[in-house]
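Work through the exercises below with the sequence and the model side by side. Each task is followed by a solution in steps.

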Amino acid sequence: MDWEEIESELIGVAERLGVEVRHVRYDGEGGLCTLRGRKVLMVNDALEAPDRVSVIARGVAGLPGVEDVFVVPEVRRLLDKYAEEGSH
């Protein structure tokens, strides 16, 4: 899988879990936040694809129910990596 395919898969996971993903241009990388009571994952679209994937994976990895969503093994390993890093 290339970076764009991984990014697309991660966005699909976020959306299945009720999180809106927004690609915007601003200072900073982005992350998960709550806007008007809704979960939104902000991603700086000026970032290179691997960095966008990192931002999205970090935001998605900690979501409740993510372990129950089917994803391809490559993306699951990435989510598990970020979930493990976030638990420290």
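Buried means under 20% relative accessible area, exposed over 50%, and partly exposed in between (1.4 Å probe, protein chains only). Helices (H or I, at least four residues) and strands (E, at least two) are DSSP runs, numbered from the N terminus. This is a predicted model, in which local features need pLDDT of at least 70 and side-chain atom pairs count only at pLDDT 80 or more, while totals for chains, interfaces and linings use all residues. Residues are numbered from 1 along each chain as its sequence is written, and side-chain values use heavy atoms, with hydrogens and water left out.

**Exercise 1. Determine which residues of helix 2 are buried and what covers them.**

Step 1. The buried residues of helix 2 are A49, R52, V53, S54, V55, I56, A57, G59, V60 and A61.

Step 2. Because 10 of the 13 residues are buried, helix 2 is largely enclosed by the rest of the structure.

Step 3. The cover over these buried residues includes helix 1, strand 1, strand 2, strand 3 and helix 3. Helix 2 lies across strand 1, strand 2 and strand 3, and runs at about 160° to strand 3. Axes here are lines fitted to C-alpha atoms, for helices over the stretch in contact, and angles run from 0 to 180 degrees between N-to-C directions.

Step 4. Check the length. From first to last C-alpha, the 13 residues of helix 2 reach 18 Å, close to the 18 Å expected at 1.5 Å a residue. The expected span is 1.5 Å times one less than the number of residues.

**Exercise 2. Describe the largest nonpolar core and state which elements supply it.**

Step 1. A nonpolar core is a set of buried Ala, Val, Leu, Ile, Met, Phe, Trp, Tyr and Cys residues joined through side-chain atoms within 4.5 Å. The largest one has 24 residues, and those with the most contacts inside it are L10, L41, I56, V60, L78 and L79.

Step 2. At least two residues of this core come from each of helix 1 (3-16), strand 3 (38-44), helix 2 (49-61) and helix 3 (73-86). Helix 2 gives the largest share, six residues.

Step 3. Take L10 as an example. Beyond its neighbours within four places in sequence, L10 is in contact (heavy atoms within 4.5 Å) with V53, I56, A57, V60, V75, L78 and L79.

Step 4. As a general point, nonpolar side chains tend to be buried together in soluble globular proteins.

**Exercise 3. Compare the surroundings of E7 and I11 in helix 1.**

Step 1. E7 is buried, with a relative accessible area of 6%; I11 is buried as well, at 17%.

Step 2. Not counting residues within four places in sequence, E7 is in contact with H23, R52, V53 and I56. With the same exclusion, I11 touches V21, H23 and I56.

Step 3. The side chains of E7 and R52 are joined by a polar contact of 3.0 Å. A polar contact is a pair of N or O atoms within 3.5 Å; within protein, one must be able to donate a hydrogen and the other to accept it, and residues adjacent in sequence count only if both atoms are side-chain atoms.

Step 4. I11 and L41, 30 residues apart in sequence, have C-alpha atoms 9.3 Å apart.

**Exercise 4. Work out the strand order of the sheet and the pairing of strand 2 with strand 3.**

Step 1. Two strands pair if DSSP finds at least two bridges between them. The open sheet of three strands has the order 1-3-2, with mixed pairing. Strand 1 (20-24) and strand 2 (30-35) are the edge strands, each pairing on one side only. Neighbouring strands are turned by 30° against each other on average, direction ignored.

Step 2. Strand 2 and strand 3 pair in the antiparallel sense over six bridges. In strand 3, K39 is the bridge partner of T34, and M42 is the bridge partner of G31.

Step 3. These two strands form a hairpin with two residues between them. R36, in the turn, has a positive phi of about 50° although it is not a glycine. Most residues other than glycine have a negative phi. R36 is exposed, with a relative accessible area of 87%.

**Exercise 5. Locate Y26 and list its contacts.**

Step 1. Y26 is in the loop between strand 1 and strand 2, and is partly exposed at 30% relative accessibility.

Step 2. Leaving out residues up to four places away in sequence, Y26 touches G31, M42, V43 and N44. Its side chain reaches the backbone nitrogen of G30 at 3.1 Å.

Step 3. The C-alpha atoms of Y26 and A46, 20 residues apart along the chain, are separated by 8.0 Å.
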